[in-house]
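Me: I've got a protein model open and I'm not sure how to read it. Could you walk me through a few features?

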Amino acid sequence: MPVPLLDLKAQYQSIKHEIEPVLLRVADSQYFILGPDVTALEENIAAYVGAKHAIGVSSGTDALLLAMMALEIGPGDGVIVPTFSFFATAGAVSRLGATPIFVDIDPATYNIAPAAIAEAYEKYKSTVTIKAIIPVHLFGQSADMDPIMDFAGAHNLYVIEDAAQAIGTQYKDGRSVGSIGTVGCFSFFPSKNLGAFGDGGIITTNDGTLAKRIELLRMHGAEKRYYHEMIGGNFRIDALQAAVLNVKLPHLNAWHEGRRRNAALYNRLFTEAGVVGDGKVIVPESVYEVKRETLDVERGEGSEVAFPHIYNQYCIRVQNRDGLMEHLAASGIGCAVYYPVPFHQQKCFAGLPSCADAFPVSDQVCESIIALPVYPELTPEMIAEVANCVLDFVGRS
């Protein structure tokens with residue numbers, strides 16, 4: 001049975017009757033830039049995340065870039081980032097002329113290791129003015145925010161949460177990612193749990209002054225047309241994308257629950273086969289517990305819906321990763337590697353001072369990680385098909 005890594009058509013078919021009238025409404029209005037749909041999205045996302053402000057932008061990458069522009073990060077400044085993430089995390093830092101300072105990751109969550117932040121800060125504080133930390137909530141699980149926020153507070157650093165893969169994820173204290181640091185940066189790329197019909201993103205913050213600055217910068221630094229208070233750019237989200245996202249948002253909790261259910265089934269199948277305990281397959285670990293009460297899966301509502309992990313990706317680790325990819329492909333099963341090359345090995349970052357440091361965890365993860373299908377429309381039979389294909393390759397105990 002072929003199983004794709006992601007099937008966006010399956011999701012679309014389930015909400016097609018809601019989406020199509022909205023697309024026609026926007027087309028009839030011919031109101032494509034900002035406007036009421038964008039305002040509604042900003043209010044909805046702010047409420048969902050638990051932040052005071054949300055500013056819709058053109059992509060998750062531009063969310064990172066714009067957030068750092070608003071914080072006046074540039075040449076001579078350093079930003080601490082995990083070496084294991086999507087390229088935009090470090091690329092946005094370099095685009096502003098600042099210096100990414102790479103650090104290693106936690107072996108369980110693949111998120112930035114707090115202890116490594118402190119080590120890097122002490123090592124590089126004399127060479128650049130370190131201004132910020134970018135913790136990435138990778139694959140849909142929060143970074144360990146308490147020690148990160150404590151360290152940032154003690155050293156007067158901004159915390160820019162890269163929550164591109166983690167909208168709705170909650171930290172262990174119940175706060176949603178994107179509401180904890182100075183700013184939160186989200187992506188609405190179509191493959192995300194909350195995906196648009198193209199590129200889109202949003203920035204969240206509890207700082208009203210900063211929110212206003214971000215709004216100005218996304219419109220070329222102008223509040224009044226043709227009168228520019230600062231140099232910004234064109235970072236606006238399209239009204240069409242906002243309208244689509246407003247339709248999808250009420251379904252998001254149910255989609256999260258579906259992904260969590262699928263991940264739990266994978267973990268159970270691998271554990272029962274005896275390949276987890278002996279290290280043949282390392283399954284993703286949800287390290288936080290958040291209080292859960294009732295959840296109406298159909299409506300995506302609950303009194304205290306809790307999502308410590310939303311599984312934007314379900315990534316396992318195996319010894320012969322490339323061989324497993326070939327085996328899965330031969331069986332018609334989709335898979336992908338997130339990510340094959342850490343930042344400190346990327347050609348474009350060669351020569352950065354921190355590239356000479358040691359990153360043993362990231363190096364190991366990049367060589368062994370592989371993502372399996374986890375989208376909510378998967379059936380138990382499809383998940384069993386994928387799991388059995390993996391088990392056939394690694395060998396059952």
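Reply: Sure. Keep in mind that this is a predicted model. Let's start with a term: a nonpolar core is a set of buried residues such as Leu, Ile, Met and Phe, joined through side-chain atoms within 4.5 Å.

Me: Okay, and how many residues does the largest nonpolar core have here?

Reply: The general idea comes first: in soluble globular proteins, nonpolar side chains tend to be buried together. In this model, the largest nonpolar core has 52 residues, and M68, F84 and I160 have the most contacts inside it. Several elements give two or more residues to this core, including the helices α3 (60–70) and α4 (88–95) and the strands β1 (53–57) and β2 (77–82). Farther along the chain, α7 (208–217) and β11 (369–372) are also among them.

Me: Which element gives the most to this core?

Reply: That's α3, with eight residues.

Me: Let me zoom in on I160. What does I160 touch?

Reply: Leaving out residues up to four places away in sequence, I160 touches L64, A67, M68, L71, I73, A132, I133, I134, P135, V183 and C185.

Me: Now a helix. Which residues of α10 are buried?

Reply: Helix α10 covers residues 321–330, and R321, G323, L324 and L328 are buried there. They sit on the same side of α10, because they cover an arc of only 155° around the axis. The face turned away from that buried side carries the exposed residues E326, A329 and A330.

Me: What do the buried residues of α10 pack against?

Reply: They pack against β10 (314–317), α11, β11 and α12 (380–394). Just after α10, have a look at G332, which takes a positive phi of about 75°.

Me: Last topic: empty space. How many cavities of 30 Å³ or more does a search of the whole structure find?

Reply: The idea is that rolling a probe the size of a water molecule over the atoms shows where empty space is left. In this model, the search finds three cavities of 30 Å³ or more. The largest has a volume of about 80 Å³. Its lining includes Y110, F139, E285 and H309, and by class it has six nonpolar, four polar and one charged residues.

Me: And what lines the second largest cavity?

Reply: That cavity holds about 70 Å³ of space. Among its lining residues are D7, K192, W255, R259 and E377. Helices α1 (8–29) and α9 (252–272) each supply at least two residues of this lining. Sorted by class, the lining has five nonpolar, two polar and four charged residues.

Definitions and conventions
Residues numbered from 1 in each chain as written. Heavy atoms only, no water. Buried < 20%, exposed > 50% of the residue type's maximum accessible area, 1.4 Å probe, protein only. Helix = DSSP H or I, 4+ residues; strand = E, 2+ residues; numbered from the N terminus. Contact = heavy atoms within 4.5 Å. Arc of directions from axis to C-beta. 1 Å grid on protein atoms, 1.4 Å probe; cavity = no way out; pocket = protein on both sides within 12 Å on 5 of 7 lines; lining within 4 Å. Points joined across faces, edges and corners; volume = space filled by probe spheres on them. Nonpolar A, V, L, I, M, F, W, Y, C, P; charged D, E, K, R; others polar.
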